[in-house]
Amino acid sequence: MAYVLTYFPVRGRAEAIRLMLKDQGKDWTEVTVTRDMWLEGTVKNSCLFGQLPKFEDGDLTLYQSNAIRRYLARKLGIYGKDDKEEAFIDMMDDAVQDLQNKYIKLIYQEYDTKKEDYFKQLPCDLARFEKILTCNEGGFLVGKQISFADYALLLQLLNHEVLCPSALDNFPSLQAYRDRLSARPNIKAYLESHAFKNTPINGNGKQ
Ligand SMILES: N[C@@H](CCC(=O)N[C@@H](CS(=O)(=O)O)C(=O)NCC(=O)O)C(=O)O
């Protein structure tokens, strides 16, 4: 196993990959691309879609963070126990990506103009995950085992609590979910690590 993750020195779209690997006890080599390296153009031009993250597993090279996460989920056995759970996990992950994309738009395009509007809408979005987690006694988004979608949701919860510290105040199931996943030994160690604590959430310094 020679995993290599190439990305910028931020959480961004790569953090759900890092968290999954850490929780699953897998190591990887992190190749960090600085802003100057990126603007020089050689690395960007070498990327299939001109963007990062890039993930390598031996002679396999993947781009697209969601494809990378699904590839690893299949390899690590965290993609549900059958076709039905797999489909539900895909559905949940797509919903988490919807939330992440709204967050990214706010951070990079609307931080100074639409933050209040975002805060008004956020409880509506979080309430949907609150209901899902309240109804699923397994303790995860789907079934009784963690899946790649759970790492993505946990990160969204953590990132949104930085943006809006009271974000989860009215959502006990989300708070319990956040605490339960964050207490998993490998995740706990990672969240307390220098690497996690000192990596900016986003590339523009806003959070
Ligand atoms: N759909 C892609 C989007 C990747 C993407 O937008 N990457 C950004 C960085 S980030 O949004 O993930 O932080 C990038 O490479 N930006 C540099 C560029 O587009 O030149 C994915 O999920 O991997």
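## The lining of the largest cavity

In this predicted model, the residues that line the largest cavity divide by class into 3 nonpolar, 6 polar and 3 charged ones. The lining is made up of Gly 12, Arg 13, Glu 15, Ala 16, Ser 65, Arg 69, Gln 97, Gln 100, Ala 152, Leu 155, Gln 156 and Asn 159. Two or more of these residues come from each of helix 1 (15–23), helix 4 (65–76), helix 5 (83–135) and helix 6 (148–163), and helix 6 gives the most, with 4 residues.

As for its size, the largest cavity has a volume of about 90 Å³. As general background, rolling a probe the size of a water molecule over the atoms shows where empty space is left.

## The second largest cavity

How many cavities of 30 Å³ or more are counted? The count comes to 2, and the second largest cavity holds about 30 Å³ of space. Its lining consists of Ile 78, Gly 80, Glu 85, Ile 89, Val 142, Gln 145, Ile 146 and Ser 147, and by class these residues of the second largest cavity divide into 4 nonpolar, 3 polar and 1 charged.

## The open sheet

The model also contains an open sheet, which is formed by 4 strands in the order 2-1-3-4 with mixed pairing. Strand 2 (29–32) and strand 4 (60–63) are the edge strands, each of them pairing on one side only, and from one strand to the next the twist averages 20 degrees. In general, the strands of a sheet pair through backbone hydrogen bonds, and this pairing is either parallel or antiparallel.

In which sense do strand 1 (residues 3–7) and strand 2 pair? These two strands pair in the parallel sense, over 4 bridges, and within this part of the sheet Leu 5 has Glu 30 of strand 2 as its bridge partner.

## Helices on the sheet

Which strands does helix 1 lie across? Helix 1 lies across strand 1, strand 2 and strand 3 (54–57), and it runs at about 155 degrees to strand 1. Helix 4 likewise packs on the sheet, where it touches strand 1, strand 3 and strand 4, and its direction makes about 130 degrees with that of strand 4.

Seen together, these descriptions link the sheet with the largest cavity: helix 1 and helix 4, which are among the elements that give two or more residues to the lining of that cavity, are also described in relation to the strands, helix 1 lying across strand 1 and helix 4 touching strand 4.

Methods:
Residues numbered from 1 in each chain as written. Predicted model: local features only at pLDDT ≥ 70, side-chain atom pairs only at ≥ 80, totals over all residues. Heavy atoms only, no water. 1 Å grid on protein atoms, 1.4 Å probe; cavity = no way out; pocket = protein on both sides within 12 Å on 5 of 7 lines; lining within 4 Å. Points joined across faces, edges and corners; volume = space filled by probe spheres on them. Nonpolar A, V, L, I, M, F, W, Y, C, P; charged D, E, K, R; others polar. Pairing = 2+ DSSP bridges. Axes fitted to C-alpha atoms, helices over the stretch in contact; angles between N-to-C directions. Contact = heavy atoms within 4.5 Å.
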